[in-house]
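Q: Could you take a close look at one part of this model for me, the place where the two chains meet? I'd like to hear what goes into it and what lies behind it.

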Amino acid sequence: MNERSVVVKNLAKSFGDFVAVDRVSFEVRAGEIFGLLGANGAGKTTTIRMLTGLLRPTSGGGTVGGWDINAQFEMIKKSIGYMSQRFSLYNDLTVKENLQFFGGVYGLGRARVEERTAELDEALGLGEWLDRRTAALPLGFKQRLALGAAILHKPAIVFLDEPTSGVDPIARRRFWELINALAADGVTIIVTTHYMDEAEYCNRLCVMHAAKIVSLGSPAELKARHGAHSIEDVFIQLVRGA
Amino acid sequence: MNDPAIRVEGISKSHGAAVALSSVSFAVERGEMFGLIGPDGAGKTTLMRILTSLIDADEGEAWVLGFPVRSGAARVREAIGYMPQHFSLYSDLTVAENIRFFADLFGVAKEARVARTEELLDFSRLGPFVKRRAGALSGGMKQKLALSCALVHTPRVLVLDEPTTGVDPVSRRDFWDMLERLRAQGVTVVVSTPYMNEASLCRHMVFIHKGRILASGTVGEITALFRGTVFSVEGPNLQAISTRLKNAVEPELVRILGDAVQVLALGRSREEVGALLETMRQGGVVSHSREIPPGVEDTFVSLMRE
């Protein structure tokens with residue numbers, strides 16, 4: 001559990017004059033659920049895009065799964081899973097076909113895809129939906145399927161960018177059970193959310209404001225540090241007060 | 001003038017074989033904040049599209065300020081402002097140009113338009129960004145611009161479909177402050193949201209599930225429907241308490257809320273869960289537990305399971 005899964009040091013990104021991420025440093029352990037919180041535009045998504053090899057840092061750097069985020073993009077892409085708030089599933093394909101498609105993208109063999117589909121069916125409870133067209137799925141199921149597609153190749157690190165946006169409370173609770181189970185298996189989870197009750201389930205939280213980290217620690221530490229009763233109060237204090 | 005802001009009577013709607021709404025009836029009083037809550041696919045968006053005269057119901061009728069939505073669509077559209085979930089701002093146009101565009105669509109005359117634009121920029125605090133392209137606004141600011149565009153023809157009824165989904169807590173509070181100011185000016189606000197703490201800000205709400213209304217009323221009337229007990233549990237390690245309780249009852253009945261863990265005794269007796277908590281207290285995991293009144297989210301979970 002003490003193995004360092006993600007290491008970030010003085011990571012920065014500018015777009016022209018605009019500083020999106022300003023010298024950010026943190027470490028995430030293997031099997032940890034690490035939450036990135038912040039207002040829209042605080043720099044969370046830019047940070048994730050640099051860690052997933054989609055965007056080059058302006059300065060600073062780090063490693064993801066031991067691979068250099070400034071150089072070893074291809075290796076990083078093989079060791080991570082990524083699920084965004086606009087999950088890219090093919091609506092005209094069935095659930096099974098979507099998984100087959102992503103299996104092909106990840107270069108998994110046919111037998112391996114079938115094996116993983118069976119495993120995911122059990123873990124995610126896709127059951128009766130496997131042969132249905134994806135367009136017909138309720139949002140909560142689409143979310144689970146998108147998670148399935150992101151972990152099909154058994155990545156060691158999974159990035160979830162607002163995975164539960166717009167989902168009802170019960171579907172969100174079920175989704176977090178899946179996240180907990182993945183983490184218990186040793187998968188590192190880096191997640192962004194606007195639901196402050198979900199933030200309570202992270203092992204540690206990193207609050208970003210105006211491109212910088214303004215507080216980092218476990219939910220209990222943050223509440224104690226900022227004299228607040230909930231993470232929502234911590235957030236409001238840090239973002240509004242800063 | 002005694003018509004309610006919205007009256008819905010026996011509305012049903014199917015999309016092919018899928019029933020979206022089934023005999024839905026309710027009324028919204030003038031000048032109130034009214035919440036439509038329910039899980040994804042419950043029928044909330046379909047209902048809003050019927051109220052805004054964008055689609056017709058298969059059965060039943062609805063009235064907005066006394067105008068029937070089916071035969072009086074033109075009057076209804078004048079009276080109502082609608083902010084759909086996926087609102088369409090023109091990202092290549094500036095803030096001012098977007099407002100101008102929607103004003104022209106609604107046939108707002110020039111003088112009224114100039115005055116209204118001023119009001120809206122002041123109200124939304126978008127004034128300093130008036131020349132910024134909509135595509136370059138933050139998520140919270142886009143939401144405020146979309147709201148301003150929905151308000152450009154000074155509607156008396158405002159319908160908003162999950163306006164704060166995916167918006168951070170600070171922007172969400174700002175947005176609800178704006179809705180409350182509109183309501184105070186006499187605008188009727190009908191809003192859907194997946195955030196249960198926001199639902200509590202509505203004076204009345206209906207809870208929709210699978211196209212039917214399962215419950216309606218004030219927050220107090222809704223939470224009175226909760227059948228079970230809510231325990232608030234404190235201790236040195238909330239995540240450890242949460243994990244223990246999830247294993248002992250059901251994961252979806254346990255959540256960490258602020259500096260306590262809440263567990264719902266649903267389908268299990270209050271005594272049984274109480275005894276479990278007492279055992280955990282003796283084991284040193286729990287320092288204190290007590291019964292607390294149910295909230296909207298607890299009631300939502302309870303109704304969904306019935």
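A: Put chain B and chain A together and about 2900 Å² gets buried between them, with 50% of that on carbon and sulfur atoms. Keep in mind that this is a predicted model. Counting residues, 37 from chain B are in contact with 35 from chain A.

Now the polar side of things. Between chain B and chain A there are five salt bridges. One to pull up on screen is Arg173(A) with Glu297(B), where the closest N and O atoms sit 2.8 Å apart. The count of residue pairs in polar contact between the two chains is 14, taking pairs with both residues at pLDDT 80 or more.

Which elements of chain B do the touching? Those that give two or more residues to the side facing chain A are helix 5 (139-150), helix 6 (169-184), helix 7 (196-199), helix 9 (238-248), strand 12 (254-257) and helix 11 (296-305). Helix 6 of chain B supplies the largest share, six residues. By residue class, that side of chain B splits into 16 nonpolar, ten polar and eleven charged.

Two of those helices also lead you back into the fold of chain B. There you'll find an open sheet of six strands in the order 6-7-8-3-9-10, with mixed pairing. Its edges are strand 6 (80-83) and strand 10 (212-217), each pairing on one side only. On average, neighbouring strands of this sheet are turned by 15 degrees against each other, direction ignored. Within the sheet, strand 3 (residues 33-37) and strand 8 (residues 188-192) of chain B run parallel and are joined by four bridges; Leu36(B), for instance, stands opposite Ser192(B) in strand 8.

As for the helices, helix 5 of chain B lies across strand 6 and strand 7 (157-161), running at about 155 degrees to strand 6. Helix 11 of chain B packs on the sheet too, touching strand 3, strand 9 (204-209) and strand 10, and its direction makes about 30 degrees with that of strand 9. So much for chain B.

Over in chain A, there's an open sheet of four strands, ordered 2-1-4-5 with antiparallel pairing. Strand 2 (18-29) and strand 5 (67-68) of chain A are the edge strands. Strand 1 (residues 4-15) and strand 4 (residues 59-64) of chain A pair in the antiparallel sense over five bridges, and Ala12(A) has Ser59(A) in strand 4 as its bridge partner. Helix 1 (residues 44-51) of chain A packs on this sheet, touching strand 1, strand 2 and strand 4, with its direction at about 120 degrees to that of strand 1.

Methods. Residues are numbered from 1 along each chain as its sequence is written. Chains are lettered from A and ligands numbered from 1 in the order in which they are written. This is a predicted model: local features need pLDDT of at least 70, side-chain atom pairs count only at pLDDT 80 or more; totals for chains, interfaces and linings use all residues. Side-chain values use heavy atoms; hydrogens and water are left out. Two strands pair if DSSP finds at least two bridges between them. Contact means heavy atoms within 4.5 Å. Axes are lines fitted to C-alpha atoms, for helices over the stretch in contact, and angles run from 0 to 180 degrees between N-to-C directions. Buried area is the accessible area (1.4 Å probe) that two parts lose on being put together, summed over both. A salt bridge is a side-chain nitrogen of Lys or Arg within 4 Å of a carboxyl oxygen of Asp or Glu. A polar contact is a pair of N or O atoms within 3.5 Å; within protein, one must be able to donate a hydrogen and the other to accept it, and residues adjacent in sequence count only if both atoms are side-chain atoms. Ala, Val, Leu, Ile, Met, Phe, Trp, Tyr, Cys and Pro count as nonpolar, Asp, Glu, Lys and Arg as charged, and the others, Gly among them, as polar.
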